[in-house]
Amino acid sequence: LVVSGTYQLPVGKGHRFASSGMTERVLGDWQLNTIATFASGQPVTVGISQDNSQTGTGNRPDCTTPASGFHRSLADWVNPSGFTAPALYTYGNCSPTPGPRAPGISLVDLSLFKNFTFTESKYLQFRMEMFNFINKPQFGPPSGLTWDTSNPGTAGAPVSGFGAITSTVPNLQRQIQFALKFYY
């Protein structure tokens, strides 16, 4: 979902709250703009390292308690106690994407403009633009989502770091820039 908007403050000549002189120069002709981007993360897929079904296609674990297989902390985004390896010669009962998605994206950019009018066609525009205004890190997907079944037919164990989020996706920290533009 991407939402954008522009709001012109209703102060100054020709606006709801008309003013003149210094009040108009200070409070008039301000414009607030925003672009907000929100996206869900990719589906989380849990697999097993061996084909316990012995068919060439069975690489899903058994979900022991699907509701408790997921937590919402970075250290255990996917809880290993929610999964086990299927019995030898059986398919796992988990769906390919047994639970919630990886962390999504929340990004808000904001800008504030002020026009200083000299003539009808000439004006100076002050701009302040903020990228990643809320300065929120964007986390990567959980890692190590493979159940180690090196010995087919055993319950196996999660690989080291199973389900932990240990990275961020490349995004910028909050950046603020100022500019003056002269229109003629």
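Two rings of Phe, Tyr or Trp (for Trp, the six-membered ring) count as a pair when their centres lie within 6.5 Å. By that rule, this predicted model holds 6 aromatic pairs. Take Trp30 and Phe126: their ring centres sit 6.4 Å apart and their planes meet at 80°. Planes over 60 degrees apart count as edge-to-face, so with its 80° angle the Trp30–Phe126 pair goes into that class. The two partners come from distant parts of the chain, with Trp30 in strand E2 (residues 30-39) and Phe126 in strand E7 (residues 123-131), 96 residues apart. Phe126 has a relative accessibility of 25%, so it counts as partly exposed. There is a third ring to add here, since Trp30 and Phe126 form one aromatic cluster together with Phe178.

Another pair joins Phe118 and Phe182. Here the centres are 6.3 Å apart and the angle between the planes is 45°, which makes the pair tilted. Phe118 belongs to the loop between strand E6 (105-117) and E7, while Phe182 is part of strand E10 (residues 175-183), so this pair ties together pieces of chain that are 64 residues apart in sequence. As for solvent, the cut-off for exposed is over 50% relative accessible area; Phe118, at 55%, is therefore exposed. Phe182 has a relative accessible area of 45% and so is partly exposed.

Both of these residues also turn up in a surface feature. Phe118 and Phe182, along with Phe116 and Tyr184, make up a nonpolar patch on the surface, and the four together show about 510 Å² of accessible area. One member of the patch has a charged neighbour as well: Lys114 lies over the face of Phe116, 4.8 Å from the ring centre.

Now for the chain as a whole. It contains 1 helix and 10 strands, and reading along the sequence gives the pattern β-α-β-β-β-β-β-β-β-β-β. The two ring pairs described above fit into a chain with plenty of long-range contacts: of the contacts with a separation of 6 or more, 68% are between residues 24 or more positions apart. Of the 184 residues in the chain, 30% are buried. The accessible surface of the chain adds up to about 11,100 Å², and carbon and sulfur atoms account for 59% of that area.

Note on methods:
Residues are numbered from 1 along each chain as its sequence is written. This is a predicted model: local features need pLDDT of at least 70, side-chain atom pairs count only at pLDDT 80 or more; totals for chains, interfaces and linings use all residues. Side-chain values use heavy atoms; hydrogens and water are left out. Rings of Phe, Tyr and Trp (its six-membered ring) pair if their centres lie within 6.5 Å; planes under 30 degrees apart count as stacked, over 60 as edge-to-face and the rest as tilted. Helices (H or I, at least four residues) and strands (E, at least two) are DSSP runs, numbered from the N terminus. Buried means under 20% relative accessible area, exposed over 50%, partly exposed in between (1.4 Å probe, protein chains only). A charge sits over a ring if NZ of Lys or CZ of Arg is within 6 Å of the ring centre and within 35 degrees of the ring normal. Patches are made of residues with over 30% relative accessible area and no salt bridge: like charges are joined within 9 Å, nonpolar side chains (Val, Leu, Ile, Met, Phe, Trp, Tyr) within 5 Å. Accessible areas come from the Shrake-Rupley method with a 1.4 Å probe; for residues, only the protein chains shown count as cover. A salt bridge is a side-chain nitrogen of Lys or Arg within 4 Å of a carboxyl oxygen of Asp or Glu. Contact means heavy atoms within 4.5 Å.
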